[in-house]
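Here are my notes on the model you sent over. I've put them as numbered points so you can follow along with the structure open.

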Amino acid sequence: MKKIEAIIKPFKLDDVKEALVDIGITGMTVSDVKGYGRQQGHSELYRGAEYIVDFLAKNKIEVVVNDEDVEATIKTIIEAAKTGKIGDGKIFVTPLDEVVRIRTEQKGSEAV
């Protein structure tokens with residue numbers, strides 16, 4: 001099993017969620033996060049004063065999938081989140097040693 005974390009623009013969250021549900025992803029965790037990459041933030045004007053926004057608002061989606069579903073999940077996230085502009089985000093894939101559902105104590109793929 002793999003854990004897929006995707007950092008995306010907030011206005012793309014609903015599109016990504018719907019696309020993942022369409023391919024059978026039944027659960028996900030979403031967090032509001034802030035960060036920056038190559039964008040390096042930007043400057044804004046507020047009441048005539050310029051200030052730097054170092055960290056940009058993003059959403060982090062976390063899903064756990066079986067190994068055979070990783071590529072389809074990544075492709076789906078890219079298709080739903082991509083705008084073609086800087087700051088579209090990143091996807092990270094990490095292996096999972098174990099998953100346990102607390103209520104039933106199921107393990108592995110059954111727990112997902």
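**Notes on the predicted model**

1. Starting with one pair in the sheet: Ile8 sits opposite Asn59 in E5. One more pair links these strands, with Ile7 standing opposite Lys60 in E5. Overall, E1 (residues 2-8) and E5 are joined by 7 bridges and run antiparallel.

2. Before going further, a word on confidence, as this is a predicted model. The average pLDDT for the chain is 90, and 89% of the residues score at least 70. Where is confidence lowest, and where is it highest? The low point is strand E3 (residues 42-46), with a mean of 62, while helix H2 (residues 70-81) is at the top with 98. I'd keep in mind that predicted coordinates should not be read in detail where pLDDT is low.

3. Now the overall layout. The chain has 2 helices and 6 strands, and along the sequence they come in the pattern β-α-β-β-β-β-α-β. Of the 112 residues in the chain, 30% are buried. Looking at contacts between residues at least 6 apart in sequence, 71% join residues at least 24 apart.

4. Back to the sheet. Four strands make up an open sheet in the order E2-E5-E1-E6, and the pairing is antiparallel. Which strands are at the edges? Those are E2 and E6, each of which pairs on one side only. On average, neighbouring strands in this sheet are turned by 20° against each other, ignoring direction.

5. E5 (residues 56-65) deserves its own point. On the E2 side, 7 bridges join E5 to strand E2 (residues 29-35), and the two run antiparallel. Val30 is a handy residue to look for there, as Val30 stands opposite Ile61 in E5. E5 is also mostly covered, with 7 of its 10 residues buried.

6. How do the helices sit on the strands? H1 lies across E1, E2 and E5, and runs at about 10° to E5. H2 lies across E1, E5 and E6, and runs at about 10° to E1. So if you colour by element, E1 and E5 turn up in the list for H1 and again in the list for H2.

7. Next, the two helices against each other. A packed pair is described by the angle between the axes and the distance between them. Here the axes of H1 (residues 13-22) and H2 come within 8 Å and cross at roughly 145°, and the crossing is right-handed. On the H1 side the contact is made by Asp15, Val16, Ala19 and Leu20, and on the H2 side by Thr73, Thr76, Ile77, Ala80 and Ala81. What kinds of residues are these? They divide into 6 nonpolar, 2 polar and 1 charged.

8. Last, a backbone oddity to check. Most residues other than glycine have a negative phi. Glu105, however, has a positive phi of about 65° without being a glycine. Where does Glu105 lie? Glu105 is in the segment after strand E6 (89-95). Is Glu105 buried or exposed? Glu105 is exposed, because its relative accessible area is 62% and the cut-off for exposed is over 50%.

Definitions and conventions: Residues are numbered from 1 along each chain as its sequence is written. This is a predicted model: local features need pLDDT of at least 70, side-chain atom pairs count only at pLDDT 80 or more; totals for chains, interfaces and linings use all residues. Side-chain values use heavy atoms; hydrogens and water are left out. Buried means under 20% relative accessible area, exposed over 50%, partly exposed in between (1.4 Å probe, protein chains only). pLDDT is the predictor's confidence in each residue, from 0 to 100. Two strands pair if DSSP finds at least two bridges between them. Axes are lines fitted to C-alpha atoms, for helices over the stretch in contact, and angles run from 0 to 180 degrees between N-to-C directions. A crossing is left-handed if the near helix is turned anticlockwise from the far one by less than a right angle, and right-handed if clockwise. Contact means heavy atoms within 4.5 Å. Ala, Val, Leu, Ile, Met, Phe, Trp, Tyr, Cys and Pro count as nonpolar, Asp, Glu, Lys and Arg as charged, and the others, Gly among them, as polar.
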